[in-house]
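Biologist: I am new to this structure and would like to go through it slowly with you. Could we take the terms one by one and ask what stands behind each of them?

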Amino acid sequence: MDFRAVQDLETVMELQQLSSEEFAKNIGVSRMTLNNWLTGKHEIREAHLAAFYEYAYKSGIKLNKIKEQLYREDVVSASEVLLFHGAKTEIVGELGIDCSKKNNDFGKGFYCGENLEQSVMFVSNFPNSSLYMMKFNKAGLKCRTFGVTRDWMLMIAYYRNRLGDFANTGIVKELIDQNTGIDYIIAPIADNRMFEIIDSFIDGEITDVQCKHCLSAINLGNQYVFVSQASLNQIEILERCYLAQKEKKAYLNSRQEIYEMNRDKVKVARKQYRGQGDYIEDILV
């Protein structure tokens, strides 16, 4: 799926109330070149795409946020939800489950987020990354929902191959078996900082209560994990969106600020709930 660059060009021109000649000059091309793009006579090269989207973002026009708001207004059914997927490059072919890694949060699946910012943050370090906006219809599908709970922590640790000998215990096997027949999962997003905290729980350094409150302090929002073909069939890709370099940098800076704030919250939670709850060996042995 290509970017809707021509539509975006027209949007920015209209918002800035510029003539085609003025606008062409601002993005570093001739008026004839711009007109060839707008009429579909010529395709826009990658370098020109980058220049245009950088210009739009630097001009204060947040195209992707505008699109998000408009798509949210179009989601009127209770069975539909707007989701976001950050891709390192682009999605090629049909949506699939097997193309993902086994050691993701819930194993193989197609992962999306409820939050645009979080979806972009996870791919902002990749030079050719892009953002997909999607509409998912959950009607008739089976869902399993997790909060920041002990079960969620154990599931993440299992699929991330962090449980070691604990992976074969009855409690863990029962948790995994409950995924049989499920079409999609809704669960909190886990990042590298969360993995470190879960590792501390698995290594017996903190209790489940400490771990839960430390993870709640981070709170990255929820992700949807599609684990059946039936669920993938009910996803509609609305648009592939371009990510300007300055836009990605802004999200990375935001992520760093959030990380620094959460780091202090985690320290406080770890201290405040010290001694409360059970250690991993008390739960699984």
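Biologist: What makes Thr169 count as buried or exposed?

Modeller: This is a predicted model, and in it Thr169 has a relative accessible area of 14%. Buried means under 20%, so with its 14% Thr169 is buried. Its place is in the loop between α7 and α8, and its C-alpha atom is separated by 39 Å from that of Ala78, 91 residues apart along the chain.

Biologist: Where else in the loop between α7 and α8 should I look, and why is Asn161 called buried or exposed?

Modeller: Asn161 also has its place in the loop between α7 and α8, and its relative accessibility is 62%. Since exposed means over 50%, Asn161 counts as exposed. Its phi is near 60 degrees, a positive value in a residue other than glycine.

Biologist: Why is a positive phi worth pointing out in a residue other than glycine?

Modeller: It is worth pointing out because most residues other than glycine have a negative phi. Gln17 is another residue to look at here, with a positive phi of about 55 degrees although it is not a glycine. Gln17 lies in the loop between α1 and α2, and its relative accessible area of 73%, set against the cut-off of over 50%, makes it exposed.

Biologist: Turning to the helices, how do you know which way α9 runs relative to α10?

Modeller: The axes of helix α9, residues 192–202, and helix α10, residues 208–218, come within 9 Å and cross at roughly 175 degrees. Angles over 145 degrees count as roughly antiparallel, and therefore α9 is roughly antiparallel to α10. On the α9 side the contact is made by Arg193, Met194, Ile197, Ile198 and Phe201, while α10 brings Asp208, Cys211, Cys214, Leu215 and Ile218.

Biologist: What is the make-up of that contact by class?

Modeller: The contact of α9 with α10 has 8 nonpolar residues, 2 charged ones and no polar ones. One of the residues taking part is Cys211 of α10, and beyond residues up to four places away in sequence, Cys211 touches Met153, Ile197, Ile198, Phe201 and Ile206.

Biologist: How do you know whether Ser200 and Ile202 of α9 are buried or exposed?

Modeller: Ser200, found in helix α9, has 10% relative accessibility, and as this is under 20%, Ser200 counts as buried. Leaving aside neighbours within four places in sequence, Ser200 is in contact with Glu205, Ile206 and Arg270. Ile202, found in helix α9 as well, has a relative accessible area of 7%, which against that cut-off of 20% makes Ile202 buried. Not counting residues up to four places away in sequence, Ile202 touches Ala157, Arg162, Leu163, Phe166 and Ile280. From Ile202 to Glu281 there are 79 residues in sequence, yet the two are 8.7 Å apart in space, C-alpha to C-alpha.

Biologist: What makes you place the buried residues of α8 on one side of the helix?

Modeller: In helix α8, residues 170–177, Val172, Leu175 and Ile176 are buried. They cover an arc of only 95 degrees around the axis, and therefore they lie on the same side of α8. On the other side of α8, Gly170 and Asp177 are exposed. The buried residues of α8 pack against β4, α7 and α13.

Biologist: Which parts of the chain supply the largest nonpolar core?

Modeller: That core has 41 residues, and those with the most contacts inside it are Phe106, Trp152, Leu163, Ile197, Phe201, Cys211 and Leu215. At least two of its residues come from each of α7, α8, β5, α9, α10, α12 and α13, and α7 gives the largest share, 7 residues. There is also a second, separate core of 22 residues, which includes Ile27, Ile44, Tyr57 and Leu63.

Biologist: And how many helices and strands does the chain have?

Modeller: The secondary structure comes to 13 helices and 7 strands, and the C-alpha atoms fill a box of roughly 75 × 40 × 30 Å along the principal axes. Of the 285 residues in the chain, 46% are buried. Among the contacts with a separation of 6 or more, 82% are between residues 24 or more positions apart.

Key. Residues numbered from 1 in each chain as written. Predicted model: local features only at pLDDT ≥ 70, side-chain atom pairs only at ≥ 80, totals over all residues. Heavy atoms only, no water. Axes fitted to C-alpha atoms, helices over the stretch in contact; angles between N-to-C directions. Helix = DSSP H or I, 4+ residues; strand = E, 2+ residues; numbered from the N terminus. Parallel < 35°, antiparallel > 145°, perpendicular 65-115°, else oblique. Contact = heavy atoms within 4.5 Å. Nonpolar A, V, L, I, M, F, W, Y, C, P; charged D, E, K, R; others polar. Buried < 20%, exposed > 50% of the residue type's maximum accessible area, 1.4 Å probe, protein only. Arc of directions from axis to C-beta. Core = buried A, V, L, I, M, F, W, Y, C linked by side-chain atoms within 4.5 Å.
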